[in-house]
Amino acid sequence: MNKLGVHALVWEKGWSHDECARAIANSAAVGYDLIEIPALDPRSIDTAFTVKQLQKAGIGATSSMGLDADTDISSNDRDKEKRGQARLEDAVSVIRDLGATHMCGILESAFQKYAAPTTPEGVKRSCEILARVAEKAAASHITLGLEVVNRYESNILNTASQGVEMCRRIGAPNVKVHLDVYHMNIEESDIGQAIIETGDDLGYFHTGDSHRGYMGSGSIDLAGVFRALVKANYQGPITFESFSSRVVGQPLEGILGIWRNLWEDSHDLAAHALSYTKVQLKAAHEAQNQAKRSRLV
Ligand code: MN
């Protein structure tokens, strides 16, 4: 069974004690199994306080992050690579202390619009450093999910097949591909086929819609997406990610280009996404069962 999660930015833009307590309590009240906590600045998270809130609410956590220009492990600049590895290792420690299972997001490069393509040497350096980080993560049973994003947010992983190839090159069993339907809608030729071809390498999944607002109110064929996830026998977390200028602040607002209010009511949005996801998953499983039920007598 897939654990269903919600990104903390649906509720709060920061992680002060009050924001942390509200985001976790609200995620649990709606009925989610887990909350995805952003760790762009891992050391700013009060892990003991967060764990207490998670225990009180009875839900789990995953975490996501992205490197920046100064910590870019694909930059071929040894100082930036060193800082990048340290940032990733800090995040692993924080995620271990949170008791979280997955560390995902743009771990392979800076989270930004690049002005030039990556280089073979940059990809090689990124793979080498991620292999080292993966070893530390494995000791705490943490899976790394390399997020495949659109061309305006990274220049390394823009398609699922590139993600699979990068996992092969890193060669660690706890490094998986993290797919996101919003990005796939921009870059993939066939979203369903890309999910199925990622297969066992898929380790984390973000749902949403074409404008990152209410699920089902955009232009993505979400029924097809959930059928592909079921066909691929994907068992990992499915997390709803949505951004509105109602909640998000800098620096994410600027990096992601969140200029308008896609929604006003976090609770209504999150409750709708959870029921929509459950209905789509149920329908996709029933679609699989049709073949068995429809054999010629
Ligand atoms: Mn995402």
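# A tour of the barrel, its helices and the manganese site

Helix H7 passes helix H8 in a right-handed crossing, and the tour of this predicted model starts there. Select H7 as residues 191–198 and H8 as residues 222–231; the two axes come within 9 Å and cross at roughly 15°. Because of that angle, H7 counts as roughly parallel to H8. Next, display the side chains at the interface. H7 contributes Ile191, Gly192, Ile195 and Ile196, while H8 contributes Val225, Ala228, Leu229 and Lys231. By class, the residues of this contact comprise 6 nonpolar, 1 polar and 1 charged.

**From H8 to H10**

Keep H8 selected and add helix H10, residues 266–293. These two helices pack at an angle of about 60°, with their axes 8 Å apart. H8 and H10 are therefore oblique to each other, and H8 passes H10 in a right-handed crossing. On the H8 side, select Leu222, Ala223, Phe226, Arg227, Val230 and Lys231. On the H10 side, the contact is made by Tyr276, Thr277, Gln280, Leu281, Ala284, His285, Ala287 and Gln288. The residues of this contact divide into 8 nonpolar, 4 polar and 2 charged. Note that Lys231 of H8 appears in the contact with H7 and in the contact with H10.

**The barrel**

Now hide the helices and show the strands. A closed barrel of 8 strands appears, in the order S1-S2-S3-S4-S5-S6-S7-S8, with parallel pairing. On average, neighbouring strands of this sheet are turned by 30° against each other, direction ignored. For one pair in detail, select strand S6 (residues 175–180) and strand S7 (residues 202–207), which run parallel and are joined by 4 bridges. Within that pair, Leu179 has Phe205 of S7 as its bridge partner.

Bring back helix H3, residues 78–98, which packs on the sheet. H3 touches strand S2 (34–38), strand S3 (60–67) and strand S4 (102–110), and its direction makes about 170° with that of S3.

**H2 against H3**

With H3 still displayed, add helix H2, residues 47–57. The axes of H2 and H3 come within 9 Å and cross at roughly 35°, and the crossing is right-handed. Look for Thr47, Thr50, Val51 and Leu54 in H2, which meet Val94, Asp97 and Leu98 in H3. The residues of this contact divide into 4 nonpolar, 2 polar and 1 charged.

**The manganese ion**

Select the manganese ion next. Which residues are its protein donors? They are Glu147 (OE), Asp180 (OD), His206 (ND1) and Glu241 (OE), lying 2.1 to 2.2 Å from the ion. Along the chain, the donors follow the spacing E-x32-D-x25-H-x34-E. Glu147 lies in strand S5 (residues 143–147) and Asp180 in strand S6, so this pair ties together parts that are 33 residues apart in sequence.

**Two backbone details**

Most residues other than glycine have a negative phi, and most peptide bonds are trans. Two places in the model merit a look against that background.

- Select His141, in the loop between helix H4 (120–139) and S5. Its phi is near 55°, a positive value in a residue other than glycine.
- Select Pro251, in the loop between strand S8 (238–240) and helix H9 (252–256). The peptide bond from Gln250 to Pro251 is cis, with omega near 5°.

Conventions:
Residues are numbered from 1 along each chain as its sequence is written. This is a predicted model: local features need pLDDT of at least 70, side-chain atom pairs count only at pLDDT 80 or more; totals for chains, interfaces and linings use all residues. Side-chain values use heavy atoms; hydrogens and water are left out. Two strands pair if DSSP finds at least two bridges between them. Axes are lines fitted to C-alpha atoms, for helices over the stretch in contact, and angles run from 0 to 180 degrees between N-to-C directions. Contact means heavy atoms within 4.5 Å. Angles under 35 degrees count as roughly parallel, over 145 as roughly antiparallel, 65 to 115 as roughly perpendicular and the rest as oblique. A crossing is left-handed if the near helix is turned anticlockwise from the far one by less than a right angle, and right-handed if clockwise. Ala, Val, Leu, Ile, Met, Phe, Trp, Tyr, Cys and Pro count as nonpolar, Asp, Glu, Lys and Arg as charged, and the others, Gly among them, as polar. Donors are N, O and S atoms within 2.8 Å of the metal (3.2 Å for Na, K and Ca); water is not among the atoms, so sites may look incomplete.
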